[in-house]
Amino acid sequence: MSWEDQIQAGAEGSPHSNLLGSEFVSFDEETLTATMQFTVKREMTTWRGGVQGGLVAGYLDDVMGYAYVAATGGEMAPLNLEISMSLIRLIPEGAKVIGKGRVVKAGRRVVFLEGELLAEDGTIYARSTSTAIPTPRPSPTETGMG
């Protein structure tokens with residue numbers, strides 16, 4: 001199985017990715033950018049009609065993480081030390097959200113990532129940065145989840 005197939009299977013089979021409604025779309029090796037798509041479920045929203053802020057962080061974390069996983073050919077995964085995000089617009093229930101995650105710099109001891117969430121028309125919903133440590137990518141069997 002190619003690393004692209006492994007990443008696609010991970011995005012579709014991971015409990016958190018299932019909750020978020022994640023769909024891995026593509027990875028650009030030149031820019032180290034992953035593209036994912038999310039469909040906002042009602043369960044993700046508040047009484048304001050938009051995604052709860054902590055769950056927005058989940059979308060951003062997912063797409064930034066998959067950028068690093070893809071950049072390492074499926075071998076490694078980031079373990080977050082810090083995530084910073086700016087909530088720019090309310091993400092409405094039912095929205096199709098495009099996530100872009102990019103590896104800014106990856107070393108042996110630290111990884112710097114960026115992410116953004118966009119509406120289908122390109123309107124920006126949220127942006128983030130993350131500092132993480134590189135770790136071997138765990139499998140569902142290694143973690144007792146598969």
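## Burial and make-up

A residue counts as buried when its relative accessible area is under 20%, and as exposed when that value is over 50%. Anything in between is partly exposed. The model described here is predicted.

The chain has 146 residues, and 38% of them are buried. It holds 4 helices and 6 strands. Read from the N terminus, these elements follow the order α-α-β-β-α-β-β-β-β-α. Take the contacts between residues at least 6 apart in sequence: 62% of them join residues that are at least 24 apart.

## The sheet

The 6 strands form an open sheet. Their order is β1-β2-β4-β5-β6-β3, and the pairing is antiparallel. Two strands sit at the edges: β1, residues 22-28, and β3, residues 76-87. Each of these edge strands pairs on one side only. On average, neighbouring strands are turned by 25 degrees against each other, with direction ignored.

Helix α3, residues 53-71, packs on this sheet. The helix touches β1, β2, β3, β4, β5 (111-118) and β6 (124-136). The direction of α3 makes about 140 degrees with that of β3.

## Strand β2 and its partners

Strand β2 covers residues 33-39. The strand is mostly covered, with 6 of its 7 residues buried. In the strand order, β2 stands between β1 and β4.

On one side, β1 and β2 run antiparallel and are joined by 6 bridges. They form a hairpin with 4 residues between the strands. Leu32 lies in that turn and has a positive phi of about 55 degrees. One bridge of β1 starts at Phe24, whose partner in β2 is Met36.

On the other side, β2 pairs with β4, residues 96-106. This pairing is also antiparallel and runs over 7 bridges. Thr35 stands opposite Lys100 in β4. Gln37 stands opposite Ile98 in the same β4.

## Gln37 in detail

Is Gln37, a residue of strand β2, buried or exposed? Its relative accessibility is 19%, so Gln37 counts as buried. The cut-off for that class is under 20%.

Which residues does Gln37 touch, leaving aside neighbours within four places in sequence? The contacts are Gly21, Ser22, Glu23, Val25, Lys96, Val97 and Ile98. Val25 is 12 residues away from Gln37 along the chain, yet the two C-alpha atoms are separated by 6.7 Å.

## Aromatic pairs

The structure holds 2 aromatic pairs. Phe24 and Tyr66 form a tilted pair, at 6.3 Å centre to centre and with 55 degrees between the planes. Why does this pair tie together separate parts of the chain? Phe24 belongs to strand β1 and Tyr66 to helix α3, so the pair links parts that are 42 residues apart in sequence. Phe24 has 8% relative accessibility and therefore counts as buried. Tyr66 also has 8% relative accessibility, so this residue counts as buried.

Phe38 and Tyr59 make another pair, with ring centres 4.8 Å apart. Their planes stand at 55 degrees, so this pair is tilted. Phe38 is in strand β2 and Tyr59 is in helix α3. The two residues are 21 residues apart, and the pair links distant parts of the chain. Phe38 has 0% relative accessibility, so it counts as buried. Tyr59 counts as buried because its relative accessibility is 0%.

## Helix α3 and its ends

What span should α3 have? The helix has 19 residues, so at 1.5 Å a residue it should span 27 Å. Its end C-alpha atoms are 27 Å apart, which agrees.

Gln52 caps the N-terminal end of α3. A side-chain oxygen of Gln52 lies 2.8 Å from the backbone nitrogen of Gly54. After the helix comes Gly73, with a positive phi near 65 degrees.

## Summary

Helix α3 packs on an antiparallel sheet. One aromatic pair joins α3 to β1, and another joins α3 to β2. β2 has 6 of its 7 residues buried, and Gln37 is found in this strand.

Note on methods:
Residues are numbered from 1 along each chain as its sequence is written. This is a predicted model: local features need pLDDT of at least 70, side-chain atom pairs count only at pLDDT 80 or more; totals for chains, interfaces and linings use all residues. Side-chain values use heavy atoms; hydrogens and water are left out. Two strands pair if DSSP finds at least two bridges between them. Axes are lines fitted to C-alpha atoms, for helices over the stretch in contact, and angles run from 0 to 180 degrees between N-to-C directions. Contact means heavy atoms within 4.5 Å. Buried means under 20% relative accessible area, exposed over 50%, partly exposed in between (1.4 Å probe, protein chains only). Rings of Phe, Tyr and Trp (its six-membered ring) pair if their centres lie within 6.5 Å; planes under 30 degrees apart count as stacked, over 60 as edge-to-face and the rest as tilted. The expected span of a helix is 1.5 Å times one less than its number of residues. A polar contact is a pair of N or O atoms within 3.5 Å; within protein, one must be able to donate a hydrogen and the other to accept it, and residues adjacent in sequence count only if both atoms are side-chain atoms.
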